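The following exercises concern one protein model and its ligand. Please work through each task with the sequence and the structure at hand before reading the solution.

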Amino acid sequence: MAEEKWVVMVTAQTPTNIAVIKYWGKRDEVRILPINGSISVTLDPDHLCTLTTVSVSPSFDRDRMWLNGKEISLSGSRYQNCLREIRSRADDVEDKEKGIKIAKKDWEKLHLHIASHNNFPTAAGLASSAAGFACLVFALAKLMNVNEDPSQLSAIARQGSGSACRSLFGGFVKWNMGNKEDGSDSVAVQLVDDKHWDDLVIIIAVVSSREKETSSTSGMRESVETSLLLQHRAKEVVPVRILQMEEAIKNRDFTSFTKLTCSDSNQFHAVCMDTSPPIFYMNDTSHSIISLVEKWNRSAGTPEIAYTFDAGPNAVLIAKNRKVAVELMQGLLYCFPPKPDTDMKSYVLGDTSIVKEAGLEGELPQGIKDKIGSQDQKGEVSYFICSRPGRGPVVLQDQTQALLHPQTGLPK
Ligand code: DP6
């Protein structure tokens, strides 16, 4: 087989996800097993996703990977664990058209080329490892004819990055913490698909940050070691919230959803403060956005916007419906206008129809001014991304989208 020149490849697209009940803390650092369950919403891959092409050829002499065009090392244990787990489940593959047959036992000897690309700026500090590992595992499973359902694949993606397990599904997704030592029950399951609650609009404010942030991995390790609040959260708070959140999602109960989402984000950041030394992920701009949303909801008399922040200053705002989202966008652009040399096209990305509908001419309507209050919002937003709940991973049939050359298996 060594002289053969064929290349077989698969290209997949996988969404990113944002937790509304947060994962923070591991009980097993190697298998990546969490101390509590979590729930996330998958974002529309048209706006935020990873594209990965995986390929195999007898002419490849070692496993190689390129991330956003740059070759990276696969020697880290997280990559190695994912590759080992997926290889051990590989099956016979036959491409009749090309006359290629790969026997199950050959996968151990064959090498892989992998190229991955995010459709959003890496510098944005948006969780790219979630979509990245999910896409790697999903694409390899297709290439190797692995006969496992998405939940079983999620347990492999989890070993790349915890939050990645939730990107194997669209809609709203729960990661069951599980209690088995081998982690086989620590898997993601879909709660509802992306059509269930498609009124929701998700606006991400990418907040400028000058400081280098503590990575999630080391931040959560420090919290596990030092925060008593984290222990209380994992044992007493999250199990109840998970049940309440499942109910809120099932019933499309935006009031409960907002209460739970905001409280859980705030408790996660309180845990970070309770860590020694304390970790500050949010900055003044993040705090300004929280104040804006709190004011808005109070003035509306009923929650219309939920906020959540991950391990960084970016705000993820979930609006109850499109009408609220359009008004919110008007308010946000009023409070955080683009710099004079920035045009709107590069300031609002994703579903730009929202900003078109918001209309930027003339005075901000009094009704919206009342909702955001008189407060002079300070801070800097680099740009906004408008999105919505989205679907899970898919294989792309269009070969022109592949990131690797079909003859050489090298990046295009
Ligand atoms: C704050 O999944 O990035 O985004 O498992 O160490 O790779 P590792 O951490 P990671 O942590 C994500 C933390 C979070 C909350 C969440 O997504 O649930």
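**Exercise 1: A loop and the helix after it**

Pro277 lies in the loop between helix H6 (254-273) and H7. Helices (H or I, at least four residues) and strands (E, at least two) are DSSP runs, numbered from the N terminus. This is a predicted model, in which local features need pLDDT of at least 70 and side-chain atom pairs count only at pLDDT 80 or more, while totals for chains, interfaces and linings use all residues. Residues are numbered from 1 along each chain as its sequence is written, and side-chain values use heavy atoms, with hydrogens and water left out.

Task: Determine whether the peptide bond from Ser276 to Pro277 is cis or trans, and examine helix H7 (residues 284-300) for its span.

Solution.
1. The bond between Ser276 and Pro277 is cis, with omega near -5°. Most peptide bonds are trans.
2. At the start of H7, a side-chain oxygen of Asn283 comes to within 3.0 Å of the backbone nitrogen of Thr285. This is a polar contact (a pair of N or O atoms within 3.5 Å; within protein, one must be able to donate a hydrogen and the other to accept it, and residues adjacent in sequence count only if both atoms are side-chain atoms).
3. The expected span of a helix is 1.5 Å times one less than its number of residues. The 17 residues of H7 should therefore span 24 Å, and the end C-alpha atoms are indeed 24 Å apart.
4. Among the buried residues of H7 are Ile289, Leu292, Val293 and Trp296. Buried means under 20% relative accessible area, exposed over 50%, and partly exposed in between (1.4 Å probe, protein chains only).
5. Just after H7, Gly301 has a positive phi of about 85°.

**Exercise 2: A covered helix and two asparagines**

Task: State how many residues of helix H2 (residues 128-143) are buried, and describe the backbone of Asn145 and Asn68.

Solution.
1. H2 has 16 residues and reaches 22 Å from its first C-alpha to its last, close to the 22 Å expected at 1.5 Å a residue.
2. Of these 16 residues, 12 are buried, and H2 is thus mostly covered. Phe133, Leu136, Phe138 and Leu140 are among the buried ones.
3. Asn145 is in the loop between H2 and helix H3 (150-157), and its phi is near 55°, a positive value in a residue other than glycine. Asn145 is partly exposed because its relative accessible area is 39%.
4. Asn68 sits in the loop between strand E7 (64-67) and E8, with a positive phi near 50°. Its relative accessible area of 30% makes Asn68 partly exposed.
5. For context, most residues other than glycine have a negative phi.

**Exercise 3: Strand pairing**

Task: Give the order of the six-strand open sheet, and describe how strand E15 (residues 305-308) pairs with strand E16 (residues 315-319).

Solution.
1. The open sheet has the order E8-E7-E11-E6-E1-E19, with mixed pairing. Its edge strands, E8 (70-72) and E19 (394-395), each pair on one side only. Two strands pair if DSSP finds at least two bridges between them.
2. Strand E1 (residues 8-15) and E19 are antiparallel over two bridges; Gln13 has Val394 of E19 as its bridge partner.
3. E15 and E16 pair in the antiparallel sense over four bridges and form a hairpin with six residues between them. Ala306 stands opposite Ile318 in E16.
4. From E15, Ile305 and Tyr307 point one way and Ala306 and Thr308 the other, and all are buried.

**Exercise 4: The ligand**

Task: Which side chains make polar contacts with the ligand, including that of Ser161, and how many residues surround the ligand?

Solution.
1. The ligand is surrounded by 17 residues, the closest being Tyr23, Lys26, Arg78, Ser161 and Ser163. The criterion is a heavy atom within 4 Å of the molecule.
2. Helix H4 (residues 216-226) gives the most to this shell, with three residues.
3. Oxygen atoms of the ligand lie 2.7 Å from an N or O atom in the side chain of Ser161, 2.8 Å from one in the side chain of Thr217 and 3.4 Å from a polar side-chain atom of Asp310. The protein covers 94% of the 460 Å² of accessible area that the ligand has on its own (Shrake-Rupley method with a 1.4 Å probe; for residues, only the protein chains shown count as cover).
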